[in-house]
Amino acid sequence: FVNKLQYLARIDRARALTAQTAETDAIRFLVGTQSLKFDNQIHIIDFDDENNVINKSVLLHDAGEIWHISGSPADKAVLTTCYSKTSESRVLTCAAVWRMPPEWESGNHESPDDSSNNPQTLELLCHLDNTAHGSVACVLWEPMGDGKRVISLAENHVLLWDLQESSTKATISSSATLEGKGQLKFTAGKWSPHHNNTQLATANDTAIRGWDLRSMSQIYCIENAHGQLVRDLDFNPNKQYYLASCGDDCKVKFWDVRHINEPVKCLEEHSHWVWSVRYNHSHDQLLLTGSSDSRVILSNMVSISSEPFGHLVDDDELSDNEESQQEDKGKEPLQDSIIATYEEHEDSVYAVEWSAADPWLFASLSYDGRLVINRVPRALKYRILL
Amino acid sequence: PLWIKAAAPSTNNNSSSTTPPDSDPNGRRRIHSMLKLYYGLNEEGKAADQAESLDPCDINGPHFDPEVYLNKLRKECSLGELMDHESCMVKQIRSLDSDMQTLVYENYNKFISATDTIRKMKNDFKKMEDEMDCLSANMASITEFSARISGTLQDQHAQITKLSGVHTLLRKLQFLFELPARLNKCLELQAYAQAVSAHRRARCVLQQYSHMPSFRGIQDDCHVIMEQLAQQLRQKFRDGGSSAKDLSECVELLLQLDEPAEELCDKFLSHAQSRLEADLQGLEAELKDSAITDTGGGSVQKTSELASKNIPEMANGKLHVFVDTLAARYFSLVERRIQEEKGVSDNSLLVRALDRFHRRLQAISKLLPGSAVPSHGTEIVVQAARERIKQYLSALQTFYHDSLTDVRQALAAPRGASSKDATPSLPELLASLSNFILNQLKSVLASVHLFTAKDITFSNKPYFKGEFCSQGVREGLVVSFIKFICQSSRQYCESAGDRGGSTPPALLLLLSRLCLDYETSTISYILTLTDEQFLVQHHTPVTPVTALCAEAREAAQKLLNHYVKVQGLIISQMLRKSVETRDWVNTIEPRNVRAVMKRVVEDTTSIDVQVGLLYEEGVRKAHSSDSSKRTFSVYSSSRQQIRYAPSYTPSAPMDTNLLSNIHKLFSERIDIFSPVEFNKVSVLTGIIKISLKTFLECVRLRTFGRYGLQQIQVDCHYLQMYLWRFVSDENLVHFLLDEIVCSAAHRCLDPSPMEQSVIEVICERG
């Protein structure tokens with residue numbers, strides 16, 4: 001059993017990584033490259049679990065270097081990218097919805113020698129036209145939605161788009177603008193999977209804000225959530241009020257948005273800025289963080305997870321079987337702990353992502369283009385499952 | 001024995017001789033014998049001498065025969081010899097004659113005088129006999145006279161005796177008769193004690209003779225008066241207005257008047273109670289005016305003292321209950337009073353008051369051996385001592401905070417605005433701060449030490465000997481305070497986590513040094529001092545010095561790390577702003593080092609100075625000889641051109657990765673926010689690492705034009721020129737700056753680097 005697999009992307013630099021959200025069978029990650037000179041590409045990384053082999057396909061993304069990538073939750077062929085475009089000595093980050101050409105899967109697995117082979121190009125579905133609003137930081141799909149709604153965060157604007165006519169047309173259905181003093185540019189955001197998908201959390205500078213998408217108004221604001229810039233956010237998939245954030249103060253904080261004065265918990269394990277934080281989609285005690293200290297840390301936050309310590313034992317069972325009770329007592333509750341620190345990367349890790357198909361698998365991407373796929377340690381996996 | 005044996009022959013000799021036994025002195029005996037010889041006396045019986053002096057020629061011997069002697073002389077001696085012999089003999093005879101004459105004369109004289117004496121005696125005795133006769137006659141007449149006198153006085157004497165008996169009786173009677181009047185007068189004068197004693201004296205007599213009507217009258221009168229008196233006493237007693245002493249006198253008198261003791265006891269107690277109530281209320285009122293704590297102690301003590309004197313055994317139980325209830329109230333008052341004693345200014349006053357309090361209670365314990373009062377009192381003292389320690393701890397804590405505030409203000413005072421010596425330097429501040437704290441701690445220890453002074457009664461209680469010293473002073477005060485210092489220091493790290501602006505970095509540095517000093521020396525000094533002063537015997541486990549030191553060190557480390565973070569953050573923010581706000585694509589050709597870089601170098605230099613004031617230099621790796629002149633050959637030389645120039649042709653994209661990976665393979669992983677060591681170089685290295693890493697990450701988020709890249713080149717070269725000297729390993733600076741330039745090159749739309757020589761010129765121009 002191989003615990004980790006590395007894949008050295010044939011790319012100069014890369015920041016953007018996403019799991020293919022709609023794909024539930026294959027373990028598949030998408031990586032967007034960042035190069036000002038070459039044609040940028042999207043690498044589709046397939047991990048063959050049984051054979052422990054990585055297969056890679058490449059699609060051409062000729063619009064520009066990719067800063068952010070996100071897969072549609074409904075159609076696995078559809079994705080959005082945020083890319084920078086230089087025109088007239090001006091750099092602007094735009095966003096667009098793309099479709100992968102249907103043929104990419106059919107034996108287009110690039111072999112190492114075959115680099116000259118011309119990769120296929122992504123099919124542009126529509127632009128999320130943002131010329132009026134400025135550079136786009138990220139595009140968010142409606143979680144578990146039908147792939148018809150996306151949000152883009154452009155400078156200090158929140159734009160909610162409706163994708164129509166098979167995503168070939170995007171119209172702004174509503175928008176909100178953050179106004180006030182200080183640095184108002186959004187750095188990250190997350191669409192909450194709870195509350196019927198009506199909530200959004202954004203980060204700008206050191207603050208985290210919650211938005212109600214129905215009224216497009218702010219519902220909470222955690223000022224100074226981090227000592228410095230907030231880099232990323234993620235919602236606990238199972239506990240509706242809980243979210244995790246990370247930032248330049250090297251900390252990962254957990255918030256209950258009903259009590260925003262104090263974080264529920266705070267981790268300080270990284271030795272530099274934390275760029276990415278991700279809850280495991282099914283076992284929310286598992287938390288992945290990636291940092292520019294080149295480390296990826298997998299933590300086990302039992303105390304604030306939706307799964308209580310150990311397992312709930314029914315009262316009936318307890319009274320029936322005294323032995324099991326003793327057994328249960330003997331079993332120590334799991335403590336919040338770091339499960340593993342992964343040091344395979346040699347440059348800053350800007351993105352980490354859980355696989356959409358296998359909850360025990362995750363990928364991390366560092367700036368030098370190295371993608372590492374790791375598994376949750378088997379012992380812990382069994383401990384959680386059994 | 002020996003002398004008997006030796007004497008035996010001589011007695012034999014003596015018995016055989018007829019000489020009288022008065023032959024003690026040899027001299028006299030010799031003369032005596034010579035005389036005897038001369039007179040021819042007692043030749044007989046000289047058997048003993050015969051042995052020696054049988055020789056008839058011995059002229060001194062008893063058997064001297066003149067004929068034989070003469071014949072012998074004649075036969076043996078010549079004429080001349082005979083002549084000589086003769087003359088010698090004549091001479092001897094003459095001297096013997098004169099001796100004899102002298103003796104005779106002497107004897108005669110003596111005899112004469114003896115005769116005179118006897119005659120005189122005869123005369124004297126006669127005279128004496130006459131006088132004796134006269135005396136006896138006189139004696140006889142005296143005897144006669146005296147017999148006569150006594151005979152005549154006999155009657156009168158009997159009469160006088162009788163009369164004096166009557167007199168005393170009469171006096172007694174008079175006393176009895178006067179008694180009612182006297183009692184009345186006493187009653188008037190309120191001399192109750194006299195009245196009672198008088199009545200007591202008369203009581204039994206009256207009792208005895210009550211069958212006689214006159215006595216009966218007196219007795220009745222007395223009864224009435226005494227009744228009245230008792231009434232008055234009772235009245236007085238009931239009124240209770242008089243002093244405790246009067247009251248107890250009252251009780252005493254009433255007791256003598258056979259009042260029922262139990263009732264009296266109750267009454268007395270109730271009186272005492274009301275009196276003490278008043279006292280207590282007074283105390284309660286005084287409580288607000290912060291009077292001395294111990295005024296009430298005396299009254300309780302006094303009362304119980306009097307009470308116990310007066311009231312016999314049977315009342316003991318009542319007394320106990322009484323004292324206990326009152327004492328409970330009193331104690332609650334004292335407790336309240338002590339609790340109000342918040343100010344820590346003068347501990348000796350409190351200790352003295354407690355001592356007095358305790359002393360009085362000890363007195364009660366002597367009066368009432370079984371009472372729980374003294375132990376409760378001791379508890380109060382102990383409690384007060386505990387409270388005091390707590391108060392001192394909090395006072396120390398506030399003092400610590402205050403002095404920190406002072407330091408903060410001193411740090412915040414603008415340097416140079418006033419004269420230079422007005423603002424003390426960091427080492428001075430540190431020294432004064434640590435001195436302040438130490439002195440304060442010492443004075444507190446001295447104050448607390450009063451509790452265990454020898455002349456304080458409660459100092460020899462087991463609590464004050466053991467627990468107070470170890471758990472109270474050592475743990476509760478000293479250890480807690482040190483822990484508090486460490487903890488509050490740590491809080492500075494945490495509370496200041498947001499933006500780092502709340503605590504001035506210099507204060508962090510100062511505190512870190514303070515904690516480190518504590519770790520190295522101060523803690524062990526303080527604890528040794530405490531142990532010595534209080535002779536702490538550790539019955540219970542106490543915090544070891546090492547644990548405290550570890551804590552202090554941890555705090556020092558945290559503070560220093562935080563200092564590095566804060567300072568790094570300040571520089572980082574400058575760098576970040578400078579990168580984020582600039583339009584790097586459309587920038588002009590670099591002519592100067594950007595001002596922000598100069599600022600970074602300036603700030604780093606001032607930090608270097610600041611840290612250097614408190615921390616040692618530290619070790620740095622050996623420099624290459626040309627450190628200052630080292631250039632960015634890596635990217636400015638043609639080799640570097642090769643390094644990334646080809647990477648822009650799609651044919652060989654591997655090279656760059658390979659190169660950079662190989663490069664990274666040989667350089668160690670850099671932990672940016674890693675703990676630093678306690679020295680200047682390490683601190684500066686930490687700060688520079690943080691700053692440059694921020695610079696790198698910011699550069700990676702931007703897109704550069706040709707001149708943007710060149711500007712970065714210039715800036716990095718400038719930083720290189722100045723920053724290497726601060727860090728422990730200059731390669732670290734090289735590596736990070738290299739990464740920055742490389743990243744900028746990668747993010748550059750038109751990567752055509754500037755010539756190294758031009759860069760150098762620009763940098764040297766400033």
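**Group meeting: salt bridges and surface patches**

Okay, let's start with a pair in chain A: the side chains of Asp336(A) and Lys265(A) meet in a salt bridge, at 2.9 Å from N to O. This pair links distant parts of the chain, 71 residues apart. Asp336(A) sits in the loop between helix H2 (322-330) and strand E26 (337-342), while Lys265(A) is in strand E22. Buried or exposed, or something in between, for Asp336(A)? At 23% relative accessibility Asp336(A) counts as partly exposed, and Lys265(A), at 29%, counts as partly exposed too. Before I go on, please keep in mind that this is a predicted model.

So how many salt bridges are there over all chains? The count comes to 30. I'll spend most of my time on one group of them.

Take Arg231(A) and Asp248(A), whose side chains form a salt bridge at 2.7 Å, N to O. Arg231(A) lies in strand E19 (residues 230-235) and Asp248(A) in the loop between strand E20 (242-247) and strand E21 (252-256), so this pair ties together parts that are 17 residues apart in sequence. Where do these two stand on accessibility? Arg231(A) has a relative accessible area of 12%, so it is buried, because the cut-off for buried is under 20%. Asp248(A) is at 0% and counts as buried as well.

Now, Asp248(A) has another partner. Which residue of chain B does Asp248(A) meet in a salt bridge? That's Arg576(B), and here the N to O distance is 2.1 Å. This pair crosses between chains: Arg576(B) is in helix H17 (residues 545-580) of chain B, and Asp248(A) is in that E20 to E21 loop of chain A. Arg576(B) is buried, with a relative accessible area of 7%.

Put those together and you get a network: Arg231(A), Asp248(A), Arg576(B) and Glu580(B) are linked by salt bridges. If you have the structure open, centre the view on Asp248(A), since Asp248(A) is bridged to Arg231(A) and to Arg576(B).

Staying in chain A for a moment, there's a histidine to look at. His272(A) is in the loop between strand E22 (265-267) and strand E23 (274-279). What does the side chain of His272(A) contact? It makes a polar contact with the side chain of Ser292(A), at 2.6 Å. His272(A) counts as buried, at 0% relative accessibility.

One more from chain A: Lys148(A), in the loop between strand E11 (136-141) and strand E12 (149-154). Lys148(A) is partly exposed, with a relative accessible area of 42%. Lys148(A) and Asp162(A) are 14 residues apart in sequence, and their C-alpha atoms are 5.8 Å apart in space.

Last stop, the surface of chain B. Glu129(B), Asp130(B), Glu131(B) and Asp133(B) gather there in a patch of negative charge. Asp130(B), for one, lies in helix H5 (residues 79-189) and is partly exposed, with a relative accessible area of 48%.

There's also a nonpolar patch on the surface, made of Met132(B), Leu135(B), Met139(B) and Ile142(B), with about 410 Å² of accessible area together. Ile142(B) is found in helix H5, and at 49% relative accessibility Ile142(B) counts as partly exposed. So for helix H5, you can look at Asp130(B) from the negative patch and Ile142(B) from the nonpolar one.

That's it from me. Happy to pull up any of these on the screen.

Note on methods:
Residues numbered from 1 in each chain as written. Chains lettered and ligands numbered in written order. Predicted model: local features only at pLDDT ≥ 70, side-chain atom pairs only at ≥ 80, totals over all residues. Heavy atoms only, no water. Patch = residues over 30% accessible without salt bridge, like charges linked within 9 Å, V, L, I, M, F, W, Y side chains within 5 Å. Areas by Shrake-Rupley, 256 points an atom, 1.4 Å probe, with all protein chains shown as cover. Salt bridge = Lys/Arg side-chain N within 4 Å of Asp/Glu carboxyl O. Lys, Arg positive; Asp, Glu negative; His and termini not counted. Charge placed at Lys NZ, Arg CZ, Asp CG, Glu CD. Helix = DSSP H or I, 4+ residues; strand = E, 2+ residues; numbered from the N terminus. Buried < 20%, exposed > 50% of the residue type's maximum accessible area, 1.4 Å probe, protein only. Polar contact = N/O pair within 3.5 Å; in protein donor to acceptor, adjacent residues only side chain to side chain.
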